[in-house]
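This report describes the fold of one protein chain and then a few of its residues. The sequence and the model come first.

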Amino acid sequence: STLGRTNISVGYARRTISAETSEFLRVAWRVGNSGAWAVIENAQSNAAWQVRQINLSTAASNQALIQIRYFLDTTQPNGGGNSDHGLIDNMNVTGI
């Protein structure tokens, strides 16, 4: 819930393991339990841990429910294999 809060941001640390150029660790959010997801980051490559802090739009302010999801996405027809990983740590949502 972000009720009574504005200037909502999402913070997290992330990295990928064995991701190829056609694979992305995507971060998305939405208001409520249904509707379209808005992608806020498309991380690519086998990067070391990186800390991110991303401001959400004003639509995230003063909401009873916002959802955030992290997922590994591939454009490869065979799914890219099974050794690929997207790691998330220290996730937080803040506002004032």
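Over how many bridges do strand 2 and strand 5 pair, and in which sense? Strand 2 (residues 23-31) and strand 5 pair over nine bridges, in the antiparallel sense. Two strands count as paired if DSSP finds at least two bridges between them. Strands here are DSSP runs of E of at least two residues, and helices are runs of H or I of at least four residues, both numbered from the N terminus.

**Basis of the model**

The model is predicted: local features need a pLDDT of at least 70 and side-chain atom pairs count only at pLDDT 80 or more, while totals for chains, interfaces and linings use all residues. Residues are numbered from 1 along each chain as its sequence is written, and side-chain values use heavy atoms, with hydrogens and water left out.

The pLDDT, which is the predictor's confidence in each residue on a scale from 0 to 100, averages 87 over the protein chain. A score of at least 70 is reached by 85% of the residues. Among the elements, strand 4 has the highest mean pLDDT, 94, and strand 3 (residues 38-44) the lowest, 89. Where pLDDT is low, the predicted coordinates should not be read in detail.

**Overall fold**

The protein chain has six strands and zero helices, so that the order of elements from the N terminus is β-β-β-β-β-β, by the DSSP definition of these elements. Of its 96 residues, 32% are buried, where buried means under 20% relative accessible area, exposed over 50% and partly exposed in between (1.4 Å probe, protein chains only). The chain exposes about 5,600 Å², and carbon and sulfur atoms supply 48% of this area; the values come from the Shrake-Rupley method with a 1.4 Å probe, and for residues only the protein chains shown count as cover.

A contact means heavy atoms within 4.5 Å. Among contacts with a separation of 6 or more, 78% are between residues 24 or more positions apart.

**The two sheets**

Strand 2 and strand 5 belong to an open sheet of three strands, ordered 3-2-5, with antiparallel pairing. Its edge strands, strand 3 and strand 5, each pair on one side only. The twist in this sheet averages 20 degrees from one strand to the next; axes are lines fitted to C-alpha atoms, for helices over the stretch in contact, and angles run from 0 to 180 degrees between N-to-C directions. Within this sheet, Trp-29 stands opposite Ile-68 in strand 5.

An open sheet with the order 4-1-6 is formed by three strands, and the pairing is antiparallel here too. Strand 4 (50-55) and strand 6 (85-94) are at the edges, each pairing on one side only. With direction ignored, neighbouring strands of this sheet are turned by 25 degrees against each other on average. Strand 1 (residues 9-17) pairs with strand 4 in the antiparallel sense over six bridges, and Ser-9 stands opposite Asn-55 in strand 4.

**An aromatic pair**

Aromatic rings of Phe, Tyr and Trp (its six-membered ring) pair if their centres lie within 6.5 Å; planes under 30 degrees apart are stacked, over 60 edge-to-face and the rest tilted. The count is one pair. Tyr-12 and Tyr-70 form this edge-to-face pair, with 5.2 Å from centre to centre and 80 degrees between the planes. The two residues are 58 residues apart in the chain, Tyr-12 in strand 1 and Tyr-70 in strand 5 (residues 66-74). Tyr-12 is buried, at 2% relative accessible area, whereas Tyr-70 is partly exposed, at 24%.

**Selected residues**

The table lists the accessibility of four residues.

| Residue | Relative accessible area | Class |
|---|---|---|
| Asn-62 | 47% | partly exposed |
| Asn-90 | 57% | exposed |
| Val-93 | 38% | partly exposed |
| Ala-64 | 58% | exposed |

Asn-62, in the loop between strand 4 and strand 5, has a positive phi of about 55 degrees although it is not a glycine. Asn-90 likewise has a positive phi of about 55 degrees without being a glycine, but its place is in strand 6.

Val-93 also lies in strand 6. Leaving aside neighbours within four places in sequence, Val-93 is in contact with Ile-8, Ser-9, Val-10, Ile-66 and Ile-68. The C-alpha atoms of Val-93 and Tyr-12 are separated by 8.9 Å, and the two residues are 81 residues apart along the chain.

Ala-64 lies in the loop between strand 4 and strand 5. With neighbours within four places left aside, Ala-64 is in contact with Ser-1 and Leu-3. From C-alpha to C-alpha, Ala-64 and Leu-3 are 5.7 Å apart, with their positions 61 residues apart in sequence.
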